[in-house]
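This note is addressed to a colleague meeting the structure for the first time. The points below may be read alongside the sequence and the model.

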Protein chains: 2
Amino acid sequence: MSQKPGSAPTIVDVAEQAGVSIKTVSRVLNHEPGVQEATREKVLAVVAELKYRPKLSARSLAGARSFLIGLLYYDPSAAFVAGVQQGATVRCREAGYHLVVESLHNDAPDIDVQVERMVSALRPDGMILTPPLCDNPKVLKALRESGTPCVLMSPGRQPKGHPALPLVRMDDVHAAEEVTNLLISLGHERIAFIKGATDQAASSLRYQGFVNAMKAHKLAVDPELVHQGDFTYQTGVEGAHQLLSRRVRPTAVFASNDDMALGVLAAAQRLGLSVPADLSIAGFDDSAAASLVWPPLTTVRQPVAQMAREAVEMLIAAQRGEAEGPTQRVLPHELLVRNSTSALAGKPASKRKV
Amino acid sequence: MSQKPGSAPTIVDVAEQAGVSIKTVSRVLNHEPGVQEATREKVLAVVAELKYRPKLSARSLAGARSFLIGLLYYDPSAAFVAGVQQGATVRCREAGYHLVVESLHNDAPDIDVQVERMVSALRPDGMILTPPLCDNPKVLKALRESGTPCVLMSPGRQPKGHPALPLVRMDDVHAAEEVTNLLISLGHERIAFIKGATDQAASSLRYQGFVNAMKAHKLAVDPELVHQGDFTYQTGVEGAHQLLSRRVRPTAVFASNDDMALGVLAAAQRLGLSVPADLSIAGFDDSAAASLVWPPLTTVRQPVAQMAREAVEMLIAAQRGEAEGPTQRVLPHELLVRNSTSALAGKPASKRKV
DNA sequence: CTGAAAGCGCTTACAG
DNA sequence: CTGAAAGCGCTTACAG
């Protein structure tokens, strides 16, 4: 063995032992064409025997790739981040990439410098941005100037004046329509809606879906039954108190995320209402708590891990110059019908067509 | 400017413009002693002007540091991972390090190879392990053989036969004692306990704390009031049904994590019991759901972010050869007294000394 | 206090 | 199909 004991084997060790040049070893490892099958196998055998692993820093310094994908996030629920990482790290591992994460504060005045620092030190091959960072102009600008490829996860409207960035998202409008349709199919007509934070793109999309479905069934959207929340539990509680004090109560509440739906549930129970007998409640997100409370919430599951997986996919493909698939992808979600919703008393579930 | 337009400035550009050698620039950037103040300032000025950022891959290849810290995790609640990353990425950023995360499956037969692959490609300066990976012998072995420094977060008993590894944790025994003492101070005597998964270290520690506190107050630990759970919501529900069907019901239940406590809460409410009037419930972890249900759960908050922060700290200090502080640290937790616990009817809260 | 040389372990042109 | 040379951008010894 030419390999010095104690230190990890290098490409030189492999080349010597296989009786080829380091360039050939490099070719085999990078799946470059034009290597004789016998040579290829010999090299691979030595690689396995020596347990040789190319060092990322050397590949990165010499070549045009770093094999690093960055993930920038701020705050979105822990479950969202966990899902993103689950999908992203698995895909990265399969492809020989690694995920570098950074938790940034969306309002930090020097956020652009933080991003620029990270990018120029790491030179990642691509960056994944989650809300609300994917809608932060300073972040986007820093990334654009550095020439780092990006994929946005569930962004709001894209900034005008720049070419559309690659993105992955789900169809919030359609999902909200489905939830509303479910409630209508259960016989509900007085359906209240609690909106999310005004500065988040999902809020208006989900509200739009609610309105679409109501109108499609010729049901009125009573302004008195629409409450402005901000995606927090607290505004769900407040919304419930306000909505349930109407002369004629709603029979169902569609809160546009689970945290608010949980607030409605807690408030309803404190008021002595039985859920779903007296009030049906639906949420959105399928948060961990949604299935832990009683009754478990009817909600929508976002394909978070799958979105992250595809984001990594797009970044890697783009780098290889393969334009594989669309750069703006909409992934399927899942409507989870659980026990917080039920047919309106006296109205059979099948009464209305959906 | 000697710097070619379009490409990022290198150490050579800085050296030329500052009129010094690259070695001197390197000294300034690495805070090495023995540089004249005037020279130092001149270099720093040029660095700022050129917005020069040393490339990690070059530093890593040439030197002994990679400025990368690895974080390996599997499953622990999303909230736990989020907390760990929050603390770790902030500390990393302050120190010019970056966090590479990998989500592994604890039962993967080739988990040691996965770890070895990651380590030999990245050469991280240190690795942070969370439960249950921090107790996985194959992971520990792979890391030891590669010579990668590690810090374990909240591990169970350390493997015998090897030098004790650095770790950060909280005092589960003491925290469980505090929860139990709280219940006792509220007048409860028939207190049920739901144990966690037998293969997790925290389970026995928390039970030990419960037993300690009961004994300290001369209260009997009734075997009929101890239920074996596994940290899931479902076993909380099962435990509740079993415990609440006793001839003489417990007046309080201490579930050793929040998921199980939520199961107890849901079961109790379904049985028509009012919490905390009819039954006090305490959990452990301060999960997101704990404060979202009604009534919010009395529980214990782990200093997760702070533990991660210190783990990074220890790894960086160890690399610099500074033996700063102990390598086995126990961080303070916080008892959160919320509405799921109250004084036993007829017994004033102050009746018992704690 | 400062610098010239060598080298880390790969990939990139370029030859043949 | 294969290889010898140069070079990526830093740090490490070693000198003075």
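1. Two residues are taken to be in contact if their C-beta atoms, placed from the backbone, lie within 7 Å. The model discussed here is predicted. In chain A, helix α5 (residues 78-95) lies across β1 (68-73), β2 (98-103), β3 (126-129) and β4 (150-153) of that chain, together with β2 (98-103) of chain B. Helix α5 of chain A runs at about 85° to β2(B).

2. How are the two protein copies arranged? A turn of 180° with a shift of 0.0 Å along the axis lays chain A on chain B with an RMSD of 0.1 Å. The two copies are therefore related as by a two-fold rotation axis. The same surface serves both copies, since 100% of the contact residues of chain A recur in chain B.

3. An open sheet of 12 strands draws on both chains, in the order β11(A)-β5(A)-β4(A)-β3(A)-β1(A)-β2(A)-β2(B)-β1(B)-β3(B)-β4(B)-β5(B)-β11(B), and its pairing is mixed. Its edges are formed by β11 (328-331) of chain A and β11 (328-331) of chain B, each of which pairs on one side only. On average, neighbouring strands of this sheet are turned by 25° against each other, direction ignored.

4. Towards the chain B edge of this sheet, strand β5 (residues 167-170) of chain B pairs with β11(B) in the parallel sense over 4 bridges. Within that pairing, Val168(B) has Arg329(B) of β11(B) as its bridge partner.

5. Chain B also holds an open sheet of 4 strands with parallel pairing, ordered β7-β6-β8-β9. Here β7 (226-228) and β9 (280-282) are the edge strands, and neighbouring strands are turned by 15° against each other on average, direction ignored. Strand β8 (residues 252-255) of chain B pairs with β9(B) over 3 bridges, and Val253(B) is bridged to Ile281(B). Helix α8 (residues 172-185) of chain B packs on the sheet, where it touches β6 (191-195), β8 and β9 of chain B, and its direction makes about 170° with that of β8(B).

6. Which residues come nearest to each DNA strand? Of the 25 residues around DNA strand C, these are Ile11(A), Ser26(A), Ala62(A), Gly63(A) and Ser21(B). Of the 25 around DNA strand D, they are Ser21(A), Ile11(B), Ser26(B), Ala62(B) and Gly63(B).

7. The surface near DNA strand D receives at least two residues from each of α2 (22-29) and α4 (56-62) of chain A and α2 (22-29) and α4 (56-62) of chain B. By class, this surface has 12 nonpolar, 9 polar and 4 charged residues.

Notes. Residues numbered from 1 in each chain as written. Chains lettered and ligands numbered in written order. Predicted model: local features only at pLDDT ≥ 70, side-chain atom pairs only at ≥ 80, totals over all residues. Least-squares fit on C-alpha atoms with pLDDT ≥ 70 in both. Near = placed C-beta within 6 Å. Nonpolar A, V, L, I, M, F, W, Y, C, P; charged D, E, K, R; others polar. Pairing = 2+ DSSP bridges. Axes fitted to C-alpha atoms, helices over the stretch in contact; angles between N-to-C directions.
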